Amino acid sequence: MNPYRRSWFVRIATVLVFIFLYAPILVLMLYSLNASRANVLFAGVITRFGPVQTEGALIVQSPCGPFHWFCELAKNREVGNAAKNTLIIAVTATVISTVIGTMAALALQRYEFRFKPFAQLSLYIPIIIPEIVMGIGILVLFSQLFTFLNGAFHLRGDSQLSLGLFTVILSHIAFCIPFVTLVVMARLQGFDKSYEEAAMDLGANELTTFRRITLPIIMPGVLSGALLAFTLSLDDFVITFFTNGPGSTTLPIYVYGLLRRIITPQVNALSTVWILVVLTAVFMIQRLQNRNV
Amino acid sequence: MKKSNIWTLLAALVLASLLLAACGPSGGGENVTSSGFVCPEPENKVALTAQELNLFVWTEYIPPDMQECFELVYGITVNRDEYSSNEEMYAKLSSGSTTYDLVQPTDYIVQPMIRLGLLQKLDKARLPALENFDPNYLDLAFDPGNEYTLPYEAGTDAIVVNTDAVENVPAKWDDLWKDEYAGRMVFLDDSRAVIGVTLQSLGLDPNTQNPDDLAAAKEKLSTLIPNIKLFDSDSPKSALIAGDVDLGMTWTGEAFLAQQEVASIQYVYPEEGAVLWQDNWAIPAGAPHLDAVYAWLNYTNQGNIFWMMLRDFPYTNPNQAALEYAKGNDMKANDVNGNPTTLGAIYDAYFNSPVTNTPADAIAKGFRIEDVGDALPLYDQIWTELKGGQ
Amino acid sequence: MLKRLRENKSAQGALLVSPTMMFMVGLLIIPLVLTLVISFGRRDPDGQVIYDFTLDNYRRLTGFTTDCASGAAFCFNDLYLQILWRSLSLAFRSTLVVILLAYPLAYYIARAQPRRRNTLLFLVLIPLWTNFVIRIYAWIMILRTQGVLNGLVGAILTPVLPLLSGALNPLLASMHLPLVATTFTPLEILYTPTAVLIGMVYEFLPFMILPIFTSLEKIDSSLYEAAADLGANAFRTFLRVTLPLSMPGVVAGTILVFIPVMGTFVVSDILGGKQYILIGNLIQRQFLDARDPTFGSAASLILMVLTLVVTFFYTRRFGFGEEIVPA
């Protein structure tokens, strides 16, 4: 039987589900060209180029034509700052949580030690805990800690410890680690130890064995875990809101705040840019992968 | 070049240009903002030791020109973190040590914040800007003598109606209970405001802590809630403009913006009294950059700066100096859509709208939401019960 | 010392896991313990916690109170149990719909050419990388009375309905069957529970597709050949071979969908018009609008316990799925 055979039922269902997945994305992108500032109904596209002219809430002319909102977005310095912060946090949290999480996966899958059941159980907490509870809990924790440390070391003014990029990154690492660990653990299951034993027999020490045998084999799992961590960190709102400080606003916080007050097409423009950047990045990674194969 | 190389290069270019587009063009020359506004000099300029100012404010509530002018004139960076509800701000400030210099609490949350020691007293000697305000907005019950707060913007919660879609325009809160409005209304998702309005319509104290009164309000509200199509405290105008609802309860800014989109939308001050509210500046207890704080408060409340609020945000403006500055002023400026107009025209639009320029009798009949201390969970329980029974 | 470390396996394990434990204990367990302590406290008039030991918050959740409006000694208010039940019901229904939608897609990708598989997987993941909340707002634009969906359906039905009703209604009337509408009335989906279900399904669909795909992909194609050799048709093969072997993926996906749906408040807020109160909404309200962290903490703990219980029984019955993400 052809292993690639898929019935017509499956094909049609797949197409329908993909339409379901992408309908909102397409609507979002369409509305970024909306001529109506209120962005409640789609009022057509701006067709005339020139200085900005409005008729009520409709923009009938713009220097950027239909891409008026993208130009508005470009003038928006808050977005640039938020995007920068979001990326810094996501990349840092992903790298650190992947390293730590992989180490934990190795420990839990291969070793026996005291507190092992406790460690396993604690991994599930970030998955079941409501975000607002975690957010406020961490905020209280940091506050007490900073108050104590600031007092003990007599730190004042700008040199005192306070909420900021650092605290956000720490919280993100905390909720990313368990996901990385679980994914890598899944990959470690059924891992054939004989490769490692063979390497050690040939004289390699633990570190070399890990680097040249173990790591390459579990790499797909590690990368999946990293991808998951990155996705979670990129989109986090609640925890970031409570643990961030002045100047460390992220894109989700900025967008969520904006959406709740003024839903101009500028937000749609931001989403469209975001999607295009992601698509381009994915596309580039695909190209790189195919070249390496 | 190989085909795949070309694609990769193209992709990199797209990525780069998109990222670059995120960084826009920076401001013009000395003390001119990126929109072309020439920043006036501060009336009481002080030398600052602080390098930055940390604002924790409502989303989209400060004119970009205002912030940019302050940064240009004083040469320091303004960091702006935002929140979308007083409760979020309160939760963050009360849970821990933050380093914000200024916050914008609404009237009802000022007392709880003072009691918790979250705010510090204003040093009036450093605030010549205090004279710029209309006395009607000063010395209010939630902060007698303005020990802790300065007014920012004020407004009302009242009835909004699309007169094209609704035959009988309601005149009081009580009218909204009528069957003809069933399934056509949007209300604020605000337990205090909605229960308060219900109490008011029953002739009771809208800030009561009396369980019997609250039971009566709950009883009455239980007949209204099923008729409400949606609750929205974020952007109720969307549902109105889209035609999802025909009338409801909303606040000043939303009604004004909805009116601009759909001219038949009207704002009605109910006979029993609308909700009055006021947003204020307040200084958190641990603010690290006090000199910058006072510089900001004095500079932004100058008449020749604060008039921007008339253009950018359709709320009631408590700053008398700003109103006097804008009235009849021929100075050219861009309106909120970027079309050229004059300050005088902006003032007229503000003054002539009963939405932004609340009529005196509406203010007289109106009531404020006040802190109810221990009774707050009771309000919330009622709210949850009424909404949860779906 | 290094030599002793090499030989002591237990110490090695402990060392490897220690950074994780520092984060877990510091940033998760301590807040959790704090939440537990607070749940037994009382609320002061400003919403701050008075550290005490009282079970009032938990009692309030069960609905039994001693202070009744009717004056009876003991009465029962099922408000919170209703909310709990509603959340459970929504979580179960969402998960079911997600499985039904995810399975065909995962099957398609698993049986695709290997080169195209990665592309298809990325296509599934890309919506996840746009902002969570923006995706929900997009659904408002689709589902509202004058939205995209009604626009499309209206465009099709407006010309068709008069003809259809004109042709069929006389017949239907004579048979006492419901008549076809003569004109198109827009579907009222937004701000109803249906919209909330659609939103939940949409948000968590990719989390089910990936695990099911992983377990389907692992199935050795020789098993299909063997089944065919034994005379099984396509449907029977699916039922007796494919489905059982894909169960670990279904289980993993269920956990990844069920748990977040229980705790999410954003979807029911935005798509339900803030009328659809789930446990996530309740908890959020307590910490913010009601300023009652003691009750909020109690509700959070009950939610966590409930989630653990359901997950425990589920994994006991169906086994623990290891395929969380393709690895």
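Modeller: Two strands count as paired if DSSP finds at least two bridges between them. The model discussed here is predicted.

Colleague: How many bridges join β1(A) to strand β3 of chain A?
Modeller: β1(A) and β3(A), the latter spanning residues 58-62, run parallel. One of the residue pairs is F49(A) with its bridge partner S62(A) in β3(A). A pairing needs at least two bridges, and the number joining β1(A) to β3(A) is two.

Colleague: Which strands of chain A stand at the edges, each with a single partner strand?
Modeller: Three strands of chain A form an open sheet with mixed pairing, and their order is β1-β3-β2. Each edge strand has a single partner, so one side of it is left without a neighbour in the sheet. The edge strands are β1 (48-49) and β2 (53-55) of chain A.

Colleague: How many residues of strand β10 of chain B are buried?
Modeller: In a regular strand, side chains alternate between the two faces of the sheet. From β10(B), V275(B), W277(B), D279(B), W281(B) and I283(B) point one way, while L276(B), Q278(B), N280(B), A282(B) and P284(B) point the other way, and all are buried. For β10(B), residues 275-284, the count of buried residues is therefore ten of ten.

Colleague: In what sense do β10(B) and strand β13 of chain B pair?
Modeller: β10(B) also pairs with β4 (residues 119-120) of chain B, antiparallel over two bridges, and there Q120(B) stands opposite I283(B). Eight bridges join β10(B) to β5 (residues 149-162) of chain B, again antiparallel, with A154(B) and Q278(B) as bridge partners. With β13(B), residues 367-368, L276(B) has R368(B) as its bridge partner. Over two bridges, the sense of the pairing between β10(B) and β13(B) is parallel.

Colleague: Which residues of β8(B) are buried on the side that holds L247(B)?
Modeller: Strand β8 of chain B, residues 247-251, has five of its five residues buried. Both faces are covered, with G248(B) and T250(B) on one of them. The buried residues on the other side are L247(B), M249(B) and W251(B).

Colleague: Which residue of β8(B) does M185(B) stand opposite?
Modeller: Strand β6 (residues 185-187) of chain B pairs with β8(B) in the parallel sense over two bridges. β5(B) pairs with β8(B) too, antiparallel over five bridges, and V161(B) stands opposite L247(B). The residue opposite M185(B) is L247(B).

Colleague: What arc do the buried residues cover around the axis of α13(B)?
Modeller: In helix α13 (residues 343-352) of chain B, the buried residues are L343(B), G344(B), I346(B), Y347(B) and Y350(B). Their arc is narrow enough to put them on the same side of α13(B), as it is only 160°.

Colleague: Which elements of chain B do the buried residues of α13(B) pack against?
Modeller: Packing here rests on contact, with heavy atoms within 4.5 Å. Two helices and two strands take part: α11 (308-312), α12 (320-326), β11 (332-334) and β12 (340-342) of chain B.

Colleague: How many nonpolar, polar and charged residues has the contact of α7(A) with α2(C)?
Modeller: The axes of α7 (residues 165-188) of chain A and α2 (residues 9-39) of chain C come within 9 Å and cross at roughly 115°, in a left-handed crossing. L170(A), S171(A), I173(A), A174(A), I177(A) and P178(A) meet T20(C), F23(C), M24(C), L27(C) and L28(C). By class, the residues of this contact are nine nonpolar, two polar and no charged.

Colleague: Is I142(C) buried or exposed?
Modeller: I142(C) lies in helix α6 (residues 132-143) of chain C. Beyond its neighbours within four places in sequence, I142(C) is in contact with A23(A), P24(A), V27(A), G147(C), V148(C), L149(C) and N150(C). The cut-off for a buried residue is under 20% relative accessible area, and I142(C) has 6% relative accessibility, so it counts as buried.

Colleague: What is the relative accessible area of E196(A)?
Modeller: E196(A) is in helix α8 (residues 194-201) of chain A. Not counting residues up to four places away in sequence, E196(A) touches R110(A), F191(A), T209(A), I213(A) and T214(A). E196(A) is buried, and its relative accessible area is 11%.

Definitions and conventions. Residues are numbered from 1 along each chain as its sequence is written. Chains are lettered from A and ligands numbered from 1 in the order in which they are written. This is a predicted model: local features need pLDDT of at least 70, side-chain atom pairs count only at pLDDT 80 or more; totals for chains, interfaces and linings use all residues. Side-chain values use heavy atoms; hydrogens and water are left out. Buried means under 20% relative accessible area, exposed over 50%, partly exposed in between (1.4 Å probe, protein chains only). Helices (H or I, at least four residues) and strands (E, at least two) are DSSP runs, numbered from the N terminus. The arc is that of the directions from the helix axis to the C-beta atoms. Axes are lines fitted to C-alpha atoms, for helices over the stretch in contact, and angles run from 0 to 180 degrees between N-to-C directions. A crossing is left-handed if the near helix is turned anticlockwise from the far one by less than a right angle, and right-handed if clockwise. Ala, Val, Leu, Ile, Met, Phe, Trp, Tyr, Cys and Pro count as nonpolar, Asp, Glu, Lys and Arg as charged, and the others, Gly among them, as polar.
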